[in-house]
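Colleague: Got a minute to go through this one with me? I'd like to talk helices.

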Amino acid sequence: MGQVSGLVPSRFLTLLAHLVIVITIFWTRDDNIRASLPPSFTSDQYKKEDSELVTALSITLGLFLIELAGFFSGVSMFNNTQSLFSIALHCCAAVSLAFFVFESWECSTYWYIFTFCSVLPAFTEVIMFITVFVLKKKSF
Amino acid sequence: MELPNQVRQRLANFSRTVFIDTNRTGPEFYGNPDNEIVSSLALQISLYFNIYFFPFWWVCNIIMLHLKYPILPDYYKFILVTVVILITLIEAIRLYLGYMGNLQEKVPELAGFWLLTLLLQSPLIFFLLFNEGLTIQPLERAVNIIFTFFLTFQIVVAFLALKKMANQLAARFHLQDFDHFDREKRKTHDSRFLSQHLEEFHPTAVE
């Protein structure tokens, strides 16, 4: 029987930290878009970069939903491997995105953070879903 | 720490009027009200994570308040400090009541939790979230949105849990009457049975 060790609240808090920064970037993306454009830019270029960043952020939120659904429904809440993996990745994401905001990184760097720290945990979460619901194996 | 008696009475009266189905005559669908657990798992999960989330919400809001204090107009300074103090105090009481009410299946505590969430916390959080005169920062928006999710989820789930709990309590109370009647009937029946057969038993025992 899986135990409620410190892993469950840690995972929740790191997930939430990553989520909070992603929501914050929705409102602070102006600096980052200006950083990825040349010193003189047209409004079309701005809109293009803007829509790209908004798409990336929205997909991140969607992947978050998958992971939170798996976490709160209990599918992967007590699986220590998935929890550790998720904690590590979301921690990296939260720190990197904090740098992203404060140092005004370019928008292209967001795609790297997105791939490693949002797609990977969502992917393992989907694997957990399949393991529990399709293969009927206990997740802990 | 218990709720004071007066508060308990009022909350119990309130629960009786709001949560019990008054269009049913009796406990038709409760199999055995003594064996069924009515603590709500979803509510307990959200309370547990709310307890972990609250210190971070508090730290974020205090830091943002500290940073924007110089540029706020005077009345907003006073309002914002009051609102943060109020939310902190109410949150501590609310989470304690929710834990006690849900785990120990106590209806007045859970009703108090539900009322505090619906009538006090929600307006305060909506004020923090939607009043643009407060120069709301993006970080504040993010943590307040998450807090609002917690509150709305708890309002819905606590209402359902309270209905179930109050109905189970009413069913138990009604079935208590039937137990009482059964016991009375058995007592009179037994005493009549014994007095009828005592004369027959007595002679055989002596011989």
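Modeller: Sure, but a term up front: a crossing is called left-handed if the near helix is turned anticlockwise from the far one by less than a right angle, and right-handed if clockwise. And keep in mind that this is a predicted model.

Colleague: Then is the crossing of α2(B) and α4(B) left-handed or right-handed?

Modeller: The axes of α2 (residues 41-68) and α4 (residues 107-130) of chain B come within 15 Å and cross at roughly 35 degrees. As for the sense of turn, the crossing of α2(B) and α4(B) is left-handed.

Colleague: How do the residues of that contact divide into nonpolar, polar and charged?

Modeller: On the α2(B) side you have B:Leu43, B:Leu47, B:Trp57 and B:Asn61, and α4(B) brings B:Leu110, B:Phe113, B:Ile125 and B:Leu128. Sorted by type, they come out as seven nonpolar, one polar and no charged.

Colleague: Over to α1(B): where do its buried residues sit around the axis?

Modeller: The buried ones are B:Leu11, B:Ser15 and B:Phe19. An α-helix has 3.6 residues a turn, so residues three or four places apart point the same way. Here the buried residues cover an arc of only 45 degrees, so they lie on the same side of α1(B).

Colleague: And is A:Ala17 buried, partly exposed or exposed?

Modeller: A:Ala17 belongs to helix α1 (residues 7-35) of chain A. Buried would need under 20% relative accessible area and exposed over 50%. A:Ala17 has 32% relative accessibility, so it counts as partly exposed.

How values were computed
Residues numbered from 1 in each chain as written. Chains lettered and ligands numbered in written order. Predicted model: local features only at pLDDT ≥ 70, side-chain atom pairs only at ≥ 80, totals over all residues. Heavy atoms only, no water. Axes fitted to C-alpha atoms, helices over the stretch in contact; angles between N-to-C directions. Helix = DSSP H or I, 4+ residues; strand = E, 2+ residues; numbered from the N terminus. Contact = heavy atoms within 4.5 Å. Nonpolar A, V, L, I, M, F, W, Y, C, P; charged D, E, K, R; others polar. Buried < 20%, exposed > 50% of the residue type's maximum accessible area, 1.4 Å probe, protein only. Arc of directions from axis to C-beta.
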